[in-house]
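Reader: I am new to this structure and should be grateful for a close look at a single part of it.

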Amino acid sequence: MNASTSNAGLCATTVQPLLTPVQVGPYRLRNRIVMAPLTRMRAGAGGIPQSMNALYYGQRASAGLVIAEATPICAGAMGYIHQPGIFNEAQVEGWKRVTEAVQAEGGTIFLQLFHPGRMSHPLLLNGQLPVAPSVLASGESSPTAAGMQPHPLPRALATEEIAGIVANYARAARLAGAAGFDGVEIHAANSYLIEQFLHDGSNRRTHYYGDSIANRTRFLIEVIEAVIEVWGAERVGVRLSPSNTRGGMGDSDRWALYAHVVSELNARQPAYIHLVEPRVSGNFDVEPEFDLGAGRFRPLVTGQTKLISAGGHSQMSGNRIIEKGEADLVAFGRSFLANPDLPRRFALDAPLNDYDRPTFYGGTEKGYIDYPFLSDAPHLEGST
Ligand SMILES: Cc1cc2nc3c(=O)[nH]c(=O)nc-3n(C[C@H](O)[C@H](O)[C@H](O)COP(=O)(O)O)c2cc1C
């Protein structure tokens with residue numbers, strides 16, 4: 001379904017910015033609506049994607065870009081029970097079903113490469129302690145086979161170990177290619193390992209990977225360079241959450257840090273930089289704590305690199321941020337989870353299904369592949 005046919009029933013004379021095509025790397029995307037990466041904890045045994053996962057992603061293929069959920073790059077990078085992995089052949093075979101389902105509908109799909117760092121538990125790591133830049137607690141818990149378990153104090157990575165983790169990102173990137181993905185997104189947001197290196201609140205190392213902003217950014221740069229070597233910059237994205245405070249995250253000068261990070265990334269001209277907006281870290285009704293929205297970073301994102309804004313967006317705010325030129329694409333999380341045909345609903349100004357929070361993480365088909373499409377509720381078609 002493209003924007004011009006789905007707009008047929010509308011009186012509106014202008015095409016919504018969200019529904020216009022955009023070039024991202026080598027891909028001409030049919031709209032600017034991104035399915036945000038969403039951990040759903042529904043992979044099969046061994047982190048192998050199943051046909052149910054393929055159906056779920058295939059249902060959402062009308063997004064301009066689908067970003068598949070946070071996916072551990074090695075067995076030591078599990079952060080949630082029933083996460084899919086991207087570190088062995090069986091997982092590659094499972095993911096092929098997913099990429100084929102999305103591409104069969106003309107969609108484009110990237111995979112989010114994930115390492116939780118201290119945001120994990122030995123029950124998810126074959127008894128090993130989680131690793132981190134420094135021995136500092138997250139204060140959070142993870143869902144494991146024994147229910148929610150508080151994170152223990154992590155073990156600090158030795159400098160010599162870090163190259164091995166970078167190599168795991170490179171291997172995961174290669175496996176994502178074998179699985180048929182169109183590109184990969186490096187997860188450098190939301191309290192996980194790369195962000196733990198970036199923030200001085202979680203990184204107390206005194207040299208090479210710590211202390212100065214340049215040193216704290218080194219791990220991310222090593223990862224993106226390794227992944228670019230596999231994919232080429234034009235098929236690699238990076239997700240950042242400059243305002244994140246969850247899981248004990250914090251930095252003494254967020255603007256200086258993220259201005260540096262975004263400039264360093266932009267210098268490598270990735271396909272896109274994906275920014276989580278400040279308002280998701282708190283109450284949407286109050287002013288955000290940090291003035292670190294996409295608009296602030298826009299001047300630093302240049303050349304072929306696109307900017308994606310995520311977090312708390314509605315159809316209206318998404319159209320507005322593109323119109324203002326502060327972002328090129330907009331990611332939708334919870335509303336895409338609950339509306340497999342979200343672009344069509346936007347095109348028709350149709351109402352949205354509500355999301356069901358209790359079925360977000362783990363479980364069965366319920367709350368996963370059974371959210372209705374508009375065609376299941378014909379009386380809503382074309383309503384304004
Ligand atoms: C169920 C759920 C799972 C999520 N999983 C991920 C994830 O795997 N990776 C990630 O970067 N963000 C994840 N997020 C954050 C979303 O990508 C998104 O940034 C957030 O939901 C805010 O956008 P929204 O207001 O459109 O939902 C998740 C959010 C939800 C609700």
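Leaving aside its neighbours within four places in sequence, with which residues is Val227 in contact?

Author: A word on the basis comes beforehand. This is a predicted model, in which local features need pLDDT of at least 70 and side-chain atom pairs count only at pLDDT 80 or more, while totals for chains, interfaces and linings use all residues. Residues are numbered from 1 along each chain as its sequence is written, and side-chain values use heavy atoms, with hydrogens and water left out.

Apart from neighbours within four places in sequence, Val227 is in contact with Leu113, Tyr169, Ala173, Val184, Ile186, Gly232 and Val236; contact means heavy atoms within 4.5 Å. Val227 also belongs to the largest nonpolar core, which has 86 residues. A nonpolar core is a set of buried Ala, Val, Leu, Ile, Met, Phe, Trp, Tyr and Cys residues joined through side-chain atoms within 4.5 Å, where buried means under 20% relative accessible area (1.4 Å probe, protein chains only). Within this core, Val227 is among the residues with the most contacts, together with Tyr57, Leu113, Phe219, Leu220 and Leu240. Leu113 thus appears twice: as a contact of Val227 and as one of the core residues with the most contacts. A second core, separate from this one, has 15 residues, including Val22, Tyr27, Ala36 and Ile308.

Terms used
Buried < 20%, exposed > 50% of the residue type's maximum accessible area, 1.4 Å probe, protein only.
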